[in-house]
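Welcome, and thanks for taking a look at this one with us. Please open the model beside this briefing and follow along, topic by topic.

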Amino acid sequence: MSESRADAPVAGGRAAGDSARSANSAEQPWPVRSIAMKVAQWIDRLGSVWVEGQITQINARPGTRTAFLVLRDTAADMSLTVTCDPQLLRAAAVPLQEGSRVVVYGKLTYFTGRGTLSLRVTEIRPVGIGELLARIERLKALLSAEGLFDPRLKRPIPFLPKVIGLITGRASAAEHDVVTVAQQRWPAVRFEIRNTAVQGANAVPQMLDALAELDEHPEVEVIVLARGGGSVEDLLPFSDETLCRAIVSATTPIVSAVGHEPDNPLSDYVADLRAATPTDAAKRLVPDAAAELAGVRELRARSAAALRGWVDREAHALRQLRSRPVLAEPLRLLEQRHDEIERQRNSARRAIEHTLTAEATTTRHLREKLTAVGPAATLARGYAVVQRVTGTERHVVRTVADSPPGTQLRIRVADGAVTAAALGSQALANPIPDTDDQENRSSHDGE
C-alpha cells in the first residue's frame, strides 16, 4: 500500500515538475532552498515503507535522544542512514549488533538544512534463523526450478590445474588449509588469492568483485570459494541469490568449500564441485604426488609383469611348437614316407615278380604243350615230312599221286633233311588217318 501511495504523488509531481522546469531558466534560476524544499516534498510523498538490510554500524550514545545506524543492502554496495529512538534498540526481542539482519519500518526524511537523507524508523524486527532458513529454502526452490542445479551445467574440474584462484578471508584458517594441503600434495601448484570479507554486509560485493576478476584471469583454471564453519547468519553470504547467479554465469569451474560437512549453503548446489571442507577441496583439486608416483610405480610393475607374462606365454607356445614331431624332427615324416615308399616298391616288385613267375610258368607249360603237339616232337618220334620240290617251290606230299616217279623229293627228319627222288608208288590198303595228314600239314606250315 505504501508503494501505491507513493505512485500517485509521483505521477502528479511529474506534471508539476514539467511546469516548473518550463519556468526555470538561466535567467530565472531556482535558489538552493527551493530545490531542497522540493526534494523534501517529493521524499515526504513516498510515505512509510518496510526495508530489509544488514546493520553495519550502531551509534547510540548514552543520554542522547537519537540513535544512528547504517543499514546496508545484502547484495549490493549500497547503504542508508537510519535513525531511531534508542529505546527501540533496547526493547528489541533479540539484541541487535553489527551484522544483524533486520526488517525496519519507517519514513524517509530529507533534512533541508544539511542536505542529508535518513530513514526514521519506528519499528525494528530482527530476522530470525527460522525466517532466514525459510527464505533460503524459497530461493533454493526458485533456483532449482530455473535449472541452475542441473548436473548437465556442471563444468569439468581440470585434473591438474596449474593456477588455482582462491577467494577467502584474510589470514583465515580456510586459506591456510587449502594452500598448505595443496602444496603438500603437489608442490608445483600456484595460487591467485583474493582476500575478501566472508561474512557481514560487505561479503557479497567483495566476493562478486573477486569472482569476476579471477574469472577473467587468463591463467586461473579453477576458482575456490573457501570459508570455515560458522552459524547460519555467518554463512548467509554464500546463499545470496546474486552470488549464486554469478557462480552459474562464470566461465571458470568453481568449487564451493564452505563450512563443515553438515553446512550446505546454496553455493554448494550451483557450484561445479562441492567440497565438504576447505581441506577436502584441496585434496579434490590436486592429486597427491606421492600417491601418483606410487601409482606410476605400480603401473610400471604391472606392465612389466604383464610383459613378462606375455613373453613367457609366447616362449611356452614356441616350445610347444618346437616339441611337435613335425618341427622337432622335420625329416622324420620324409623318412616315414621313404620307408613306406620302399615297402610299396618292394611289394610292387614282389607282385610283379610273382606275376612274371606265374606267367613264365604258364608260358613254359604252354610251350611244353605246344612242343608236345608240334611237328618237331612228331619228327622226333620217327616221323618225316616229304615235300615235292618244283623249282624253288616245295609242297608237302600227301598222297602217292602227288609224287609220281621221278619227282624230286625233300624228306625232313628230326635232325635234318634228305634229298631223294621218287622211284615209284604203292598204295596202302588202309590209308593213314587224317591226324597224320594234319601233322604233315602242320609240318609243311612250319617249314
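## The barrel strands

Strand β1, residues 48–59, runs antiparallel to β2 and is joined to β2 by five bridges. This is a predicted model, so please read every value below as computed from it. The notes start with a barrel and the cavity in the model, then move to an open sheet, a nonpolar core and a few single residues.

**How the barrel is put together**

- Five strands close into a barrel, and their order is β1-β2-β3-β5-β4.
- The pairing in this barrel is mixed, and the twist from one strand to the next averages 55°.
- Two facing pairs are handy for finding your way along β1 and β2: Q54 stands opposite R72 in β2, and N59 stands opposite F68 in β2.
- On the other side of the pairing list, β2 is joined by six bridges to strand β3, residues 79–84, and the two run antiparallel.
- β2 and β3 form a hairpin, with six residues lying between them.
- Within that pair of strands, L69 has V82 in β3 as its bridge partner.

**The cavity**

- How many cavities of 30 Å³ or more does the structure hold? There is one.
- The volume of the largest cavity is about 30 Å³.
- Its lining is made up of I55, L69, L71, V82, V102, V104 and I124.
- Two elements give two or more residues to this lining, namely β2 (67–72) and β4 (101–111).
- By residue class, the lining of the largest cavity has seven nonpolar residues, no polar ones and no charged ones.
- Here is a nice link back to the strands: L69 and V82 are bridge partners, and both appear in the cavity lining.

**The open sheet**

- Four strands form an open sheet in the order β12-β11-β13-β14, with antiparallel pairing.
- Which strands stand at the edges? They are β12 (393–396) and β14 (416–421); each has a single partner strand, so one side of each is left without a neighbour in the sheet.
- From one strand to the next, the twist in this open sheet averages 30°.
- Strand β13, residues 408–413, and β14 run antiparallel and are joined by six bridges.
- A good place to look at this pairing is I411, which stands opposite V418 in β14.

**Residues around β14**

- D415 is found in the loop between β13 and β14.
- Is D415 buried or exposed? Its relative accessibility is 75%, so D415 counts as exposed, the cut-off for exposed being over 50%.
- D415 and L379 are 36 residues apart along the chain, and their C-alpha atoms are separated by 8.6 Å.
- A421 has its place in strand β14 and is partly exposed, with a relative accessible area of 46%.
- From C-alpha to C-alpha, A421 and S403 are 8.9 Å apart in space, while 18 residues apart in sequence.

**The nonpolar core**

- The largest nonpolar core has 33 residues, and I167 and I247 are those with the most contacts inside it.
- At least two residues of this core come from each of α4 (129–145), β6 (163–168), α6 (203–216), β8 (222–227), α7 (241–249) and β9 (254–258).
- Which element gives the most to this core? That is α6, with seven residues.

**Strand β6 and the loop after it**

- Why is β6 largely enclosed by the rest of the structure? Six of its six residues are buried, so the strand is largely enclosed.
- Both faces of β6 are covered, with V163, G165 and I167 buried on one side and I164, L166 and T168 buried on the other.
- I167, named above for its contacts inside the core, belongs to the first of these two groups.
- β6 pairs with strand β7, residues 190–195, in the parallel sense over six bridges.
- One of the matching points is I164, whose bridge partner in β7 is F191.
- A171 is found in the loop between β6 and α5 (173–185).
- A171 is exposed, its relative accessible area being 73%.
- The phi of A171 is near 55°, a positive value in a residue other than glycine.

Technical notes. Residues are numbered from 1 along each chain as its sequence is written. This is a predicted model: local features need pLDDT of at least 70, side-chain atom pairs count only at pLDDT 80 or more; totals for chains, interfaces and linings use all residues. Side-chain values use heavy atoms; hydrogens and water are left out. On a 1 Å grid over the protein atoms alone, a cavity is a set of points where a 1.4 Å probe fits but cannot get out, and a pocket is an open set with protein on both sides within 12 Å along at least five of seven lines; lining residues have an atom within 4 Å of a point. Grid points are joined across faces, edges and corners, and a volume is the space filled by probe spheres set on the points. Ala, Val, Leu, Ile, Met, Phe, Trp, Tyr, Cys and Pro count as nonpolar, Asp, Glu, Lys and Arg as charged, and the others, Gly among them, as polar. Two strands pair if DSSP finds at least two bridges between them. Axes are lines fitted to C-alpha atoms, for helices over the stretch in contact, and angles run from 0 to 180 degrees between N-to-C directions. A nonpolar core is a set of buried Ala, Val, Leu, Ile, Met, Phe, Trp, Tyr and Cys residues joined through side-chain atoms within 4.5 Å. Buried means under 20% relative accessible area, exposed over 50%, partly exposed in between (1.4 Å probe, protein chains only).
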